[in-house]
Amino acid sequence: MATVQWSETLSVGNAQIDDDHRQLFRLLDRLQLAMKQGKANTVMGGILDELVGYTVTHFQREEQFMRRIGYADFAAHKSEHDKLIAQVQDLQARFKSGAITLSISTHQFLGDWLNSHIMQSDMKLARALASAA
């Protein structure tokens, strides 16, 4: 299983956003560890619940920053957030219903999405936040 982890190359230079990103990676790490250890679905379900909740909180925080500076790409950035939230909530519902189990590919998808979103959309937002300061 490929490791998905925080590194300083993912820093956007905004302490709150970077702290949120670190927390999201910590939750992904916990999810990965639970899968490796073959933990009961209830343990993995709880971690998934935390991941979903914290993702929503983080996106709301980023969107507040965007509104505050009148971010030109707000609609596109928010659309990315909304799409991931819908995907993860669907994943969560299917997991809770027993229709799916969490897999390496699910974990990798979440990690890849987070890395890609940070490196592209969030870095662009960080430059706009720095310019507005």
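## Burial, packing and an internal cavity in a predicted model

Valine 56 counts as partly exposed, because its relative accessibility is 26%. This residue belongs to helix H2. Along the chain valine 56 stands 29 residues from isoleucine 85, yet the C-alpha atoms of the two are separated by 7.1 Å. The model described here is a predicted one, and the values below are computed from it.

**The nonpolar core**

The largest nonpolar core comprises 34 residues, and those with the most contacts inside it are Phe25 and Leu51. To this core H1, H2, H3 and H4 each contribute at least two residues. Phenylalanine 25 has a relative accessible area of 1% and is therefore buried. Leucine 51, for its part, touches Leu24, Leu27, Leu28, Leu31 and Leu110, when residues up to four places away in sequence are not counted.

**The cavity**

The structure contains one cavity of 30 Å³ or more. The volume of the largest cavity is about 110 Å³. Its lining is formed by Leu24, Leu28, Leu51, Thr55, Phe59, Leu84, Val88, Leu110, Trp113 and Leu114. Of the lining residues, nine are nonpolar, one is polar and none is charged. At least two residues of the lining come from each of H1, helix H2 (41-69), helix H3 (74-97) and helix H4 (104-132). Leu51, one of the lining residues, is also one of the two residues named for the most contacts inside the largest nonpolar core.

**Aromatic pairs**

Across the whole structure, a search identifies two aromatic pairs. In one of them, the rings of tryptophan 6 and phenylalanine 25 have centres 6.3 Å apart and planes at 65 degrees, and the pair is therefore edge-to-face. The assignment follows because planes over 60 degrees apart count as edge-to-face. Tryptophan 6 lies in the segment before helix H1 (15-36), whereas phenylalanine 25 lies in helix H1, so the pair ties together parts that are 19 residues apart in sequence. Tryptophan 6 counts as buried because its relative accessibility is 18%, and the cut-off for buried is under 20%.

**Two buried residues of helix H1**

Aspartate 20 is located in helix H1. With a relative accessibility of 3%, aspartate 20 counts as buried. Its contacts, leaving aside residues up to four places away in sequence, are Tyr54, His58 and Arg61. Histidine 21 is likewise found in helix H1. The relative accessibility of histidine 21 is 0%, so this residue too counts as buried. Histidine 21 touches Trp6, Val12, His58, Glu62, Ile118 and Asp122, again without counting residues up to four places away in sequence. His58 thus appears among the contacts of aspartate 20 and of histidine 21. Trp6, a contact of histidine 21, is the tryptophan whose ring pairs with that of phenylalanine 25.

**Residues with greater exposure to the surroundings** 

Alanine 132 lies in helix H4. At a relative accessibility of 47%, alanine 132 counts as partly exposed. Alanine 72 is placed in the loop between H2 and H3. This alanine has a relative accessible area of 76% and is therefore exposed, since exposed means over 50%.

**Separation along the chain and in space**

The table sets out the C-alpha separations of four residue pairs, together with their spacing in sequence.

| Residue pair | Spacing in sequence | C-alpha separation |
|---|---|---|
| Aspartate 20 and leucine 31 | eleven residues | 17 Å |
| Alanine 132 and serine 105 | 27 residues | 39 Å |
| Valine 56 and isoleucine 85 | 29 residues | 7.1 Å |
| Alanine 72 and histidine 107 | 35 residues | 32 Å |

Leucine 31, which is listed with aspartate 20 in the table, is also among the residues that leucine 51 touches.

Note on methods:
Residues numbered from 1 in each chain as written. Predicted model: local features only at pLDDT ≥ 70, side-chain atom pairs only at ≥ 80, totals over all residues. Heavy atoms only, no water. Phe/Tyr/Trp six-rings, centres within 6.5 Å; stacked < 30°, edge-to-face > 60°. Helix = DSSP H or I, 4+ residues; strand = E, 2+ residues; numbered from the N terminus. Buried < 20%, exposed > 50% of the residue type's maximum accessible area, 1.4 Å probe, protein only. 1 Å grid on protein atoms, 1.4 Å probe; cavity = no way out; pocket = protein on both sides within 12 Å on 5 of 7 lines; lining within 4 Å. Points joined across faces, edges and corners; volume = space filled by probe spheres on them. Nonpolar A, V, L, I, M, F, W, Y, C, P; charged D, E, K, R; others polar. Core = buried A, V, L, I, M, F, W, Y, C linked by side-chain atoms within 4.5 Å. Contact = heavy atoms within 4.5 Å.
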